[in-house]
Amino acid sequence: MNSRRAGAVLVAAAMPLALTACNSSDGADGGKPRIAIVSKGFQQQFWQSVKKGAEQEAAKEGATITFVGPPTEADVEQQTNMLSNALAKSPDAIGFAALDSKASAPLLEQAKSQHIPVVAFDSGVESDIPVTTAATDNKAAAAEAAKHMAQLLGGKGKVAMVVHDQTSRSGIDRRDGFMEWMKKNAPGIKLLHPQYGGGDQIKSADITKSIITSNPDIDGIYGSNEGSAIGVINGVKESRRKGIRIVGFDSGQAQIDAISSGLEAGAVTQNPMGIGREVVRAAMEAIDGKSVPKSIDTGFYWYDKSSMNDRKIQAALYK
């Protein structure tokens with residue numbers, strides 16, 4: 001057992017003292033700590049930015065990382081298999097963004113039994129096993145999106161929601177944060193029941209077109225993540241409807257272009273590179289046996305055409 005691994009055992013006070021036989025990184029990667037990161041996706045620019053931030057911090061900290069994620073945020077079973085495969089290699093720490101907290105619960109228990117500290121990110125999990133969660137305050141961020149939608153509509157109108165899922169903590173909080181703000185602050189806004197597109201652009205575009213067909217008087221649509229928002233943008237374009245106000249979540253070139261052209265009013269951007277850096281930083285502290293805060297707020301910004309070139313906004317946008 002290397003010294004970092006010993007630290008990880010100490011920080012997990014609730015864990016038994018004996019290590020499993022296969023649970024060591026001695027000799028692997030020149031003795032560098034190994035951190036396996038399992039995200040909710042891989043292809044979207046948001047996840048690529050998380051990966052880039054994690055790689056930068058790993059280089060700084062002298063760690064090695066692996067970074068995997070399923071093709072879409074609807075692939076819960078595939079993500080579960082990825083987490084299982086990561087645990088089979090006995091890394092020194094795991095970074096995990098759960099698509100489904102309940103589906104991952106047995107594997108989190110396995111990580112605990114293997115004395116592998118888990119750092120949750122993007123979405124928290126309904127478990128006390130992760131040593132910390134590095135994430136945006138998604139309820140507050142969604143409330144910010146709701147506030148801007150209400151302002152754009154003058155406090156009156158019909159608004160639809162295309163949400164990425166109803167199983168991850170981020171999906172639940174971005175849905176509930178938007179709905180709760182509207183209910184409390186904008187009684188003139190009628191919210192339709194949320195629709196779920198799995199964060200898939202094509203599926204979210206199809207949902208958007210269906211919403212517009214069924215509700216020709218729709219005034220605004222909210223997309224809760226990068227894939228959902230791009231789907232909403234494409235759905236509105238393909239429907240050829242004018243005057244629908246769109247607010248989104250995250251950035252990426254497609255949303256930046258839509259905001260620049262005026263098709264999308266604005267969006268909430270997270271700090272994906274900052275999330276990646278915090279995952280690795282917290283994992284290294286846990287490996288070293290240091291205490292970490294139970295949650296790490298990685299921040300968010302509202303941005304629109306007028307603020308997109310602000311220096312602090314530019315630092316959080318990814319293309």
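Helix α8 buries E226, G227, S228, A229, I230, G231, V232, I233, G235 and V236. That makes ten buried residues out of 14, so the helix is mostly covered, with buried meaning under 20% relative accessible area. The model is predicted. The points below take helix α8 and then an open sheet of six strands.

**Helix α8**
- Helix α8 covers residues 226-239 and spans 20 Å from its first C-alpha to its last, close to the 20 Å expected at 1.5 Å a residue.
- Its buried residues pack against three helices and three strands by name: α2, α7 (201-214) and α9 (253-261), along with β6 (157-163), β9 (220-223) and β10 (245-249).
- At the start of α8, the backbone nitrogen of G227 has a side-chain oxygen of N225 within 3.3 Å.
- R240 follows α8 and has a positive phi, near 65°.

**The sheet**
- Strands of a sheet pair through backbone hydrogen bonds, either parallel or antiparallel.
- Here the pairing is parallel, and the strand order is β2-β1-β3-β4-β5-β12.
- Strands β2 (64-68) and β12 (295-297) are the edges, each pairing on one side only.
- From one strand to the next, the twist averages 20°.

**Strands β1 and β3**
- Four parallel bridges join β1 (residues 34-38) to β3 (residues 93-96).
- Opposite A36 stands I94 in β3.

**Helix α2 and the sheet**
- Helix α2 (residues 45-61) lies across β1, β2 and β4 (118-121).
- The helix α2 runs at about 170° to β2.
- Helix α2 is also one of the elements that the buried residues of α8 pack against.

Key:
Residues are numbered from 1 along each chain as its sequence is written. This is a predicted model: local features need pLDDT of at least 70, side-chain atom pairs count only at pLDDT 80 or more; totals for chains, interfaces and linings use all residues. Side-chain values use heavy atoms; hydrogens and water are left out. Two strands pair if DSSP finds at least two bridges between them. Helices (H or I, at least four residues) and strands (E, at least two) are DSSP runs, numbered from the N terminus. Axes are lines fitted to C-alpha atoms, for helices over the stretch in contact, and angles run from 0 to 180 degrees between N-to-C directions. Contact means heavy atoms within 4.5 Å. The expected span of a helix is 1.5 Å times one less than its number of residues. Buried means under 20% relative accessible area, exposed over 50%, partly exposed in between (1.4 Å probe, protein chains only). A polar contact is a pair of N or O atoms within 3.5 Å; within protein, one must be able to donate a hydrogen and the other to accept it, and residues adjacent in sequence count only if both atoms are side-chain atoms.
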